[in-house]
Amino acid sequence: MQDHPDQPDSGADGAGREFLAFTLGREEYGIDILKVQEIRGYEAVTRIANAPEFIKGVINLRGIIIPVVDMRIKFHLGEPVYDQFTVVIILNIKGRVVGMVVDSVSDVTTLTPDQIKPSPELGTAFSQEYMIGLGTIGERMLILMDIDKLMSSPEMGLNDPINP
């Protein structure tokens, strides 16, 4: 039984939240596992004319055409390299399916509230408003992203004009 229906169920004991850990460049990031629909190997995309550079194009996912965003290009983290480790994380954000290209996926990690620290005010690759905080697991640190906010922000240009 949950006390807050708007918050994801954090497990039987309510002690932690699960995050999918992935890499972009030399940094490790985490997103709420409940937003992840599936993880696929990187495949060729169909480019869309006049789309922003970070929107690689679209793919056909079992009959659904979904936009694919390359996070390395979006965050200006150097020239992306597509290899056997490159994956597309398929996200379900507010009923909209979106693909997110990342360098690699490492694991699913459960973080307790005391392992999630507020993010310091720094000139990071993306705005503070898209960060939940920093997850710490021993010496390992994950930059925790609010993927809902990021993917539905006007700067991403992914809002569906048919179903606003």
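**Figure 1. N60 faces I65 across a hairpin.** In this predicted model, N60 stands opposite I65, a residue of β5. Strands β4 and β5 run antiparallel and are joined by 6 bridges. The two strands form a hairpin with 2 residues between them. In this hairpin, R62 takes a positive phi near 50°.

**Figure 2. Strand β5 is mostly covered.** β5 spans residues 64–70, and 5 of its 7 residues are buried. β5 also pairs with β7. Here the strands run parallel, joined by 3 bridges. Look for V68 in β5: opposite V68 stands G99 of β7.

**Figure 3. Six strands make an open sheet.** The order across the sheet is β8-β1-β2-β11-β10-β9. The pairing is mixed. Which strands stand at the edges? They are β8 (104–111) and β9 (116–117). Each has a single partner strand, so one side of each is left without a neighbour in the sheet.

**Figure 4. β1 and β2 pair in the antiparallel sense.** Strand β1 covers residues 17–24, and strand β2 covers residues 27–32. The pair is held over 6 bridges. One bridge to pick out is that of L20, whose partner in β2 is I31.

**Figure 5. β11 pairs with β2 in one sense and with β10 in another.** β2 and β11 pair in the parallel sense, over 2 bridges. G30 stands opposite L144 of β11. β10 and β11 pair in the antiparallel sense, over 6 bridges. Here R140 of β11 stands opposite I137. β10 and β11 form a hairpin, with 2 residues between the strands. In the turn, G138 has a positive phi of about 65°.

**Figure 6. The largest nonpolar core holds 28 residues.** Which of its residues touch the most other members? They are I31, M71, I89, M100 and M151. Eight elements each supply at least two residues of this core: β1, β2, α1 (71–74), β6 (87–93), β7 (96–102), β10 (131–137), β11 (140–145) and α2 (147–151). Strand β6 gives the most, with 4 residues. In soluble globular proteins, nonpolar side chains tend to be buried together.

**Figure 7. I89 and its contacts.** This view leaves aside the neighbours of I89 within four places in sequence. I89 is then in contact with L20, F22, I31, V36, E38, V98, G99, M100, V102 and V105. Apart from the largest core lies another core, of 8 residues. Among its members are I59, I66, V68 and V97.

**Figure 8. The structure holds one cavity of 30 Å³ or more.** About 30 Å³ of space lies in the largest cavity. Its lining is formed by L24, D70, R72, P80, V81, Y82, T86, V101, V102 and D103. How many of the lining residues are nonpolar, polar and charged? The lining has 6 nonpolar, 1 polar and 3 charged residues.

**Figure 9. Two loop residues have positive phi.** N50 is not a glycine, yet N50 has a positive phi of about 65°. N50 lies in the loop between β3 (36–41) and β4 (55–61). Is N50 buried or exposed? Its relative accessibility is 83%, so N50 counts as exposed. H76 is also a residue other than glycine, and its phi is positive, near 55°. H76 sits in the loop between α1 and β6. At 70% relative accessibility, H76 counts as exposed.

**Figure 10. R96 and M151 are far apart in sequence.** R96 lies in strand β7. At 26% relative accessibility, R96 counts as partly exposed. The cut-offs explain why: buried means under 20%, exposed means over 50%, and partly exposed lies in between. R96 and M151 are 55 residues apart in sequence. In space they are 9.7 Å apart, C-alpha to C-alpha.

**Figure 11. The whole chain, for orientation.** The chain has 2 helices and 11 strands. From the N terminus on, the elements run β-β-β-β-β-α-β-β-β-β-β-β-α. Of the 164 residues, 41% are buried. Now take the contacts between residues at least 6 apart in sequence: 54% of them join residues at least 24 apart.

Notes:
Residues numbered from 1 in each chain as written. Predicted model: local features only at pLDDT ≥ 70, side-chain atom pairs only at ≥ 80, totals over all residues. Heavy atoms only, no water. Pairing = 2+ DSSP bridges. 1 Å grid on protein atoms, 1.4 Å probe; cavity = no way out; pocket = protein on both sides within 12 Å on 5 of 7 lines; lining within 4 Å. Points joined across faces, edges and corners; volume = space filled by probe spheres on them. Nonpolar A, V, L, I, M, F, W, Y, C, P; charged D, E, K, R; others polar. Core = buried A, V, L, I, M, F, W, Y, C linked by side-chain atoms within 4.5 Å. Buried < 20%, exposed > 50% of the residue type's maximum accessible area, 1.4 Å probe, protein only. Contact = heavy atoms within 4.5 Å.
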